[in-house]
Structures are given as structure tokens and as C-alpha cells.
Amino acid sequence: METHAVVKERPEPGAQAALRLLAARIRDDVRPAEAATLACELAVAHLGAAGAALRTLRRGAADGCRARAGEATAPAVRRPLVHQGEVYGVFSCYAPPRGCGLDTYVDQLSPMVAALVLREELRRSGDQVVAAREAERHRLRRDLHDGLGGNLASIRLRLETAADLLAHEPRGRRLVADAARTAAGITAEIRSVIDDLRPPDLAEAGLAGALVRLAARHDGPGTEVRARVPRRLRALHPAVEVAAYRIAAEGLTNALRHAAARTVQLGVWTSATALRLDIADDGPGRPPRRPLGLGIASMARRAEEVGGTLRILPRTDLPHGTLVRALLPGGPA
């Protein structure tokens, strides 16, 4: 049976050292599960406890993350992780030495855990918004293509047929032909909207194939565009794929317009949790005080919308040149 200690400790260097290390790692944007595991490991290493466990709580839900380090040896001391009157988790410390600074550790651990839980909830909410928006875009794309687009194409064909039947009525033929051209223009606009919702290359060739096609279209006699893309990329969230494609398209366009480069390289690398997209040119580089243009702002916004980041860096493998690097979530769809 576990017993519950009630000893109140004074601050100790061990607890402060553990808290400093934990705060440094949390600033690195770790996920709650990683931070919880680290908090347990630091309690064992710096407080001298036999073991530790931490369970976070999601507001309005029972599930959260669980972490453990060391051995669950009696006696056990459990402390709720309370911040501004709300419980965000429970911390258990097994066989802590007297005066180890446990209460100090828990007091300062509580707001850290609260911040992590709230940040994770915000991330989940953002994912839900992105997923809902992408589902709505898919529905709109389907409705425009199958409904309005198809009906306009049919109207255009009938108008063109009617114009042919009015060969002996020049005025009527002209009016009908004008109406057919108007219908054709509206159809073209709808196709442009459909393509913007999800580029057709993505639907036809997937992200890897679409990026290779994109590089080939930008390749020309003035600037060579090379693509270094894996033959196959696992399926990602549709919004992430669209963001990666749009960032690549804008990045290549910017490089060709403004970089005065001889070569531009488009590269993609993936890990279990991230996708890295690089657009590197061998131009003279960006002037240090040059303000960011609309293209860069658009790329940064697209990255942020799906929970990613965009950075503009000088190339380190060449004496000059610019590197546009996007880091996007790369988990499975």
C-alpha cells in the first residue's frame, strides 16, 4: 500500500537545477508527452527519488499523457499540478528523500505543465480548424466541378450550336456567340478557383510527382532548376500537401524573378514527424536590410496555417546564395 508524505521542504539546489533544465527543454517546443517524461527523469536524477510519474489532464476530458521514470517504490507522494485554481495533472514521486525540494519542484512545475496542456489544446483546435477548412474546400471543389462547371460547359455547347443554326441571322448569331464566349470565360474562372483549392498536379501525381513537375516547368535556359525529391512520399494531411506545393511554387517564382541565380535547387526531406522543404539559389543573396516581399509573407502564412515555420537563411555551402526553408508537420494523414 502506498503512503502519502506531508513533509513541506525548503528550496534545494537539486530542485532548482531540475527546473532550469526542464524550462530550457520546454522552450524548445517539446510536446507534453516528451516534457512529462523529462520531468520524471529530472525528478529521479536531481531530487534523488526512486521513481516519478506524471499524468496530464485535458480540460473537459479524462485522457491526457502519462509518463514514468525509475521505480514505483513506497512511500509515494502525490501532488496535484494546480495553476490559477485549475488542475492540469498529477505528479507522483516515489521514496523522495527528506528535504529534496519536492514541493518547490511541483510548485514551479505546475505552470509549466499548464502551459504545455493549453498549447497542445490550442494545437488540436488549430488542427480541427485546418481539417474542417480542407473538408469544406474539397466539398466546394467537387460541387464547382460537378455542378456549376458542368452546367456552364453544357450551356456553352448549346449556345455554340445555336450560333451555328443562326447562320442567316448575323445579329442573333453575334449575340449568341458573345453569350457562348462569356460562358467560356466563366468556366475558365471556375477552373482557376478549383485549381487554387487543390492543384491538379497533386491529385494526379501526389506531392512528390507534383513537385517534380513544378521544378520542370520552372526550368529554363536562363536558370537551371533541379529537383531533389523522394520518388514516393507517404500521404500527408491534404492541407500540408497544398501548403508545401504552394510554398515551393512561390519560392521558385521568387528565385527566378529576384535572385539572379544560375541554379535553383528544390529539395524535400522527411522524418517521422516533419517535412522539410528547401529552395536554394546561388544568387548574390538578399540585401540585409531589404524588407520581406509579399511572396515571402504568403509562404510564411501558408506554413503557419498548418502549424509549420518558414525561414530565410544565407547558404552555408556556398559563399553566396539564399535558402528558403519550410518545416511542416509530416505525420500521416
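User: What does the side chain of T263 make a polar contact with?

Analyst: In this predicted model, the side chain of T263 makes a polar contact with the side chain of D282, at 3.0 Å. T263 belongs to strand 6.

User: Is T263 buried or exposed?

Analyst: T263 has a relative accessible area of 15%. The cut-off for buried is under 20%, so T263 counts as buried.

User: And which residues does T263 touch?

Analyst: Leaving aside residues up to four places away in sequence, T263 touches T223, E224, R226, A280, D281 and D282. D282 is thus both a residue that T263 touches and its partner in the polar contact.

User: Switching to D201: where is it, and what does its side chain make a polar contact with?

Analyst: D201 is placed in helix 5. Its side chain makes a polar contact with the side chain of R213, at 3.0 Å.

User: Is D201 buried or exposed, then?

Analyst: D201 is buried, with a relative accessible area of 10%. Not counting residues up to four places away in sequence, D201 touches G206, A210, R213, R217 and Y245.

User: Now the core. Which residues touch the most other members of the largest nonpolar core?

Analyst: They are L211 and L310, in a core of 39 residues. The elements that each supply at least two residues of this core are helix 5 (200–218), helix 6 (238–258), strand 6 (263–270), strand 7 (274–281), helix 7 (294–305) and strand 9 (322–329). Helix 6 gives the largest share, eleven residues.

User: Why would such residues sit together?

Analyst: In soluble globular proteins, nonpolar side chains tend to be buried together.

User: What does L310 touch?

Analyst: With residues up to four places away in sequence left out, L310 touches I247, I296, M299, A300, A303, V324, R325 and A326. Apart from the largest core lies another core, of 32 residues, including A36, C40, L42 and L109.

User: Back to helix 6. How many residues does it have, and how far does it reach?

Analyst: Helix 6 has 21 residues and reaches 30 Å from its first C-alpha to its last. That is close to the 30 Å expected at 1.5 Å a residue. Of its 21 residues, 15 are buried, so helix 6 is largely enclosed by the rest of the structure.

User: What follows helix 6?

Analyst: Helix 6 is followed by A260, which has a positive phi, near 50°.

User: Different topic: how many aromatic pairs does a search of the whole structure find?

Analyst: The search finds one aromatic pair. It is formed by F91 and Y105, whose ring centres are 5.8 Å apart and whose planes are at 65°, so the pair is edge-to-face.

User: Where are F91 and Y105 in the chain?

Analyst: F91 is in strand 4 (residues 86–94) and Y105 is in helix 3 (residues 102–165). The two are 14 residues apart, and the pair links distant parts of the chain. F91 is buried, at 0% relative accessible area, and Y105 also counts as buried, at 0%.

User: What sits over the ring of W269?

Analyst: The charged end of R276 sits over that ring, 4.3 Å from its centre.

User: Lastly, the whole chain: how many helices and strands are there, and what percentage of residues is buried?

Analyst: The chain has seven helices and nine strands. Buried residues make up 40% of its 333 residues. Among contacts between residues at least 6 apart in sequence, 67% join residues at least 24 apart.

Key
Residues are numbered from 1 along each chain as its sequence is written. This is a predicted model: local features need pLDDT of at least 70, side-chain atom pairs count only at pLDDT 80 or more; totals for chains, interfaces and linings use all residues. Side-chain values use heavy atoms; hydrogens and water are left out. A nonpolar core is a set of buried Ala, Val, Leu, Ile, Met, Phe, Trp, Tyr and Cys residues joined through side-chain atoms within 4.5 Å. Buried means under 20% relative accessible area, exposed over 50%, partly exposed in between (1.4 Å probe, protein chains only). Helices (H or I, at least four residues) and strands (E, at least two) are DSSP runs, numbered from the N terminus. Contact means heavy atoms within 4.5 Å. The expected span of a helix is 1.5 Å times one less than its number of residues. A polar contact is a pair of N or O atoms within 3.5 Å; within protein, one must be able to donate a hydrogen and the other to accept it, and residues adjacent in sequence count only if both atoms are side-chain atoms. Rings of Phe, Tyr and Trp (its six-membered ring) pair if their centres lie within 6.5 Å; planes under 30 degrees apart count as stacked, over 60 as edge-to-face and the rest as tilted. A charge sits over a ring if NZ of Lys or CZ of Arg is within 6 Å of the ring centre and within 35 degrees of the ring normal.
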